[in-house]
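Here's a quick tour of ring contacts and internal voids. Have the sequence and the 3D view open as you read.

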Amino acid sequence: MDKTLSRDGTSIAYRRQGDGPPVVLVGGALSTAADEAPLAALLAPRFTVVTYDRRGRGASGDGGPYTVRREIEDLAAVAARAGGSVSLFGMLSGGALALEAHAAGLAVDLLAVYEPPYVQGAGNLLHASRRTALLHRLLGKGDRAGAVELHLSGAGVPRETIAHLRRSARWPDLVAMAHTLAYDDALLGGGAVPAERFSSLTARTLVVTGGFSTPQAHGTTLALAAAIPRARHRTLTGQTSELAPQVVAPVLTEFFGRAPSLRTAS
C-alpha cells in the first residue's frame, strides 16, 4: 500500500486501482481497505478507486488524541492523492464520515452512503447514549474484546456468529482495532441525524438502505435523505447491513457515472 500524511502528520495507508474519475471508498467500523477490495475490483473498470485504512486501523497510524476533524483531514489527504474533487461511497459509520467531510468543506462530485448508523426517537437515542457509556467503560478498563462484542451485538450480529468469530483467525485483528469504535461513536455525535448541518450539503447524494434491514435503518435513511437538499433514497432488495458488493456495484457505477469528470471524458 502507498501512504500519505494527514495534516497532523499521521501516516494513512491507501491503495488505488483502475482508471477513470476518482472514487474513494470509506469503510465502516472495524474495517480496513482489505474489506473494501471486492467492491473496489468491481468498480475499477470504470473508475480510479481508492481504498484506505482509516486512522488506527490496518497499516495506518493513529496520532492522538482523536477528533472528528482529524479523521476528516485524513480523508482529505486521501482525496488529494486520488485527484482532488472526488466521489465518495461510505459504508455505515464510513457514511457518517463522508457526510461530515463534505459538510466541513471537502470538494465532492457525488456522494453515496449506505445506512449511516444514526437513530431516531427518544428511546433509541437514550439506548445509544447508554451504549456509548458502556463502550467507554469497557475500553477504559482494557476490555477490548468486550468492546468488540458490544459493537457486534449492537449491529445485530447473532450471538453464535460472535462466538464463531472469537475462535477465528480474524478475531485478533478486530480486537486490535477495538479502540477505534470510540472514533466511530464520536462521528455519530449523540446519534441523531444532524439535519441542520447536512442541510448545507451541495453534492448530489444517494442514500441507500437494504430491503431486509431493520425498520430503524429504513426510517433513519429516509430521514437522512430528507435532510440533504440534493439527496434521493434507494432500497436494495434483499440486502442487510452486510451489503453484497455485486449488488451495490452496478448502482454505484450508474450513480458515479454522472460525475462531471466522467461526462467531460466521454
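## Ground rules

A residue counts as buried when its relative accessible area is under 20%. Keep in mind that this is a predicted model.

## Aromatic pairs

How many aromatic pairs does the structure hold? The tally is 4. Take Phe47 and Phe256: their ring centres sit 6.2 Å apart with the planes at 85°, so this pair is edge-to-face. Phe47 is in the loop between α1 (33-43) and β4 (48-52), while Phe256 belongs to helix α11 (residues 245-256), so the contact ties together parts 209 residues apart in sequence. Both Phe47 and Phe256 are buried. Phe47 and Phe256 also join Phe255 in one aromatic cluster.

Then there's Tyr66 with Tyr183, a stacked pair at 4.1 Å centre to centre and 5° between the planes. Tyr66 lies in the loop between β4 and α2 (68-82) and Tyr183 in helix α8 (residues 181-187), so this pair links parts that are 117 residues apart in sequence. Are these two tyrosines buried or exposed? Tyr66 has 18% relative accessibility, so it counts as buried. Tyr183 is buried too, at 11%.

## The cavity

As for voids, the count is 1 cavity of 30 Å³ or more, and the largest cavity has a volume of about 30 Å³. Which residues line the largest cavity? They are Arg15, Gln17, Ala33, Ala37, Ala40 and Thr51.

Helix α1 gives the largest share of that lining, with 3 residues, and β2 (11-17) and α1 each supply at least two. By type, the lining splits into 3 nonpolar, 2 polar and 1 charged.

Key
Residues numbered from 1 in each chain as written. Predicted model: local features only at pLDDT ≥ 70, side-chain atom pairs only at ≥ 80, totals over all residues. Heavy atoms only, no water. Phe/Tyr/Trp six-rings, centres within 6.5 Å; stacked < 30°, edge-to-face > 60°. Helix = DSSP H or I, 4+ residues; strand = E, 2+ residues; numbered from the N terminus. Buried < 20%, exposed > 50% of the residue type's maximum accessible area, 1.4 Å probe, protein only. 1 Å grid on protein atoms, 1.4 Å probe; cavity = no way out; pocket = protein on both sides within 12 Å on 5 of 7 lines; lining within 4 Å. Points joined across faces, edges and corners; volume = space filled by probe spheres on them. Nonpolar A, V, L, I, M, F, W, Y, C, P; charged D, E, K, R; others polar.
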